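Colleague: I should like to go through this structure with you, point by point. Please give the reasoning behind each reply.

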Amino acid sequence: MKTIETKINRPAIAAFALAAALFAGGSQAATLCSAYTAPNTHPNGLSVEDVTFKGNNANDCYGVIDSGPGGNPTSDTVWADTGWTQFAKDESGTSGDIEGTVLGIEFTLTASTFASNSGTWLLAWEKVDEPGYDLKMDVVANLKAANGSASYLFEDLTFTSNGNGSGAWEITFAGPGQGDNPSLSNMTLWYQNATSTPPNGGGGPGGGQVPEPHLILLMGIGLLGFGATKFRKTTKA
């Protein structure tokens, strides 16, 4: 299974070096969920079940990322500086909300409430430009609460030209110096490895319908008959 740390920068050694540089001075060290197997658990209580999308758990998670002095989340630095692009953000209807477009499809993110440490979130999308075909990409959902944040990786998500999907989120970590799990401050989505595919393999560059097997057989028989007829005419001549 691919993990966030190996995907945020290649090769993997560089990713570990980057993580060490970012979090060496932090009060909490960010850790992959996949680094722990039962009966061991993540030291900050994170789990791939904390965030779901369309009923599916995340493939991996990463945290807790300490926002540090000034409240500027280093999670933005982690993803922006390692090849990921932010495409949606929900900050409780403030000017910080972001609607982004990826390969002709625009996304809008809405979290249910910012007064609790759990809830539901809705991601809606629609075609606004070309190519606007079915879109597949890796997505990181980042939850920021108080002075900490955690990120959740979803691999190979597919989005049709128009639609929506929903999921649930739960904050299971405590901010630095806090005993209780804080409420959501904002949720951001980042993407990488985006590809656009014409629906049903047709209607665009490289697309086209594949002949049915029985049609291929009939074509072969027809060509064979044509060849035999030509051979007989050649022989008579």
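Colleague: To begin with the backbone, how does Asp156 count by its relative accessibility?

Modeller: This is a predicted model, and what follows should be read as such. The place of Asp156 is in strand S10, and its phi is near 55 degrees, a positive value in a residue other than glycine. Buried means under 20% relative accessible area and exposed over 50%. The relative accessibility of Asp156 is 43%, so this residue counts as partly exposed.

Colleague: Which loop holds Lys54, and what is its phi?

Modeller: Most residues other than glycine have a negative phi. Lys54 is found in the loop between S2 and strand S3 (56–57). With 46% relative accessibility, Lys54 counts as partly exposed. Although Lys54 is not a glycine, its phi is positive, at about 55 degrees.

Colleague: Where is the peptide bond that is cis and leads to Val64, and in which strand does Val64 lie?

Modeller: Most peptide bonds are trans. The bond from Gly63 to Val64, however, has omega near 0 degrees and is cis. Val64 belongs to strand S4.

Colleague: Which residue precedes Pro131 across a cis peptide bond?

Modeller: Pro131 lies in the loop between S8 and strand S9 (134–145). The peptide bond leading to Pro131 has omega near 0 degrees and is cis, and the residue from which it runs is Glu130.

Colleague: How many residues of S4 are buried?

Modeller: Strand S4 comprises residues 60–66. Cys61, in this strand, has 0% relative accessibility and therefore counts as buried. S4 is mostly covered, and its buried residues number seven of seven.

Colleague: How many disulfides are there, and which residues form the pair?

Modeller: A pair of cysteine sulfur atoms counts when they are within 2.5 Å. The count comes to one disulfide. The sulfur atoms are 1.7 Å apart, and the residues are Cys33 and Cys61.

Colleague: What parts does this pair tie together, and how many residues apart are they in sequence?

Modeller: Cys33 lies in the loop between S1 and strand S2 (52–53), whereas Cys61 lies in strand S4. At 10% relative accessibility, Cys33 counts as buried. The disulfide therefore ties together parts whose separation in sequence is 28 residues.

Colleague: Is the disulfide left-handed or right-handed?

Modeller: The handedness follows from the torsion about the S-S bond of Cys33 and Cys61. This torsion is about -105 degrees, so the disulfide is left-handed.

Colleague: Which strands are at the edges of the open sheet?

Modeller: The open sheet has 10 strands with antiparallel pairing, in the order S1-S4-S10-S9-S12-S5-S6-S7-S8-S11. An edge strand pairs on one side only, and this applies to strand S1 (31–32) and strand S11 (163–170).

Colleague: Which residue of S10 stands opposite Tyr62?

Modeller: S1 and S4 pair in the antiparallel sense over two bridges, and Leu32 stands opposite Tyr62 in S4. S4 also runs antiparallel to strand S10 (residues 148–159), joined to it by six bridges. In S10, the residue opposite Tyr62 is Ser151.

Colleague: How many bridges join S7 and S8, and which residue of S8 stands opposite Ile105?

Modeller: Strand S7 covers residues 105–111 and strand S8 residues 118–127, and their pairing is antiparallel, over seven bridges. The residue of S8 opposite Ile105 is Lys127.

How values were computed: Residues are numbered from 1 along each chain as its sequence is written. This is a predicted model: local features need pLDDT of at least 70, side-chain atom pairs count only at pLDDT 80 or more; totals for chains, interfaces and linings use all residues. Side-chain values use heavy atoms; hydrogens and water are left out. Two strands pair if DSSP finds at least two bridges between them. Helices (H or I, at least four residues) and strands (E, at least two) are DSSP runs, numbered from the N terminus. Buried means under 20% relative accessible area, exposed over 50%, partly exposed in between (1.4 Å probe, protein chains only).
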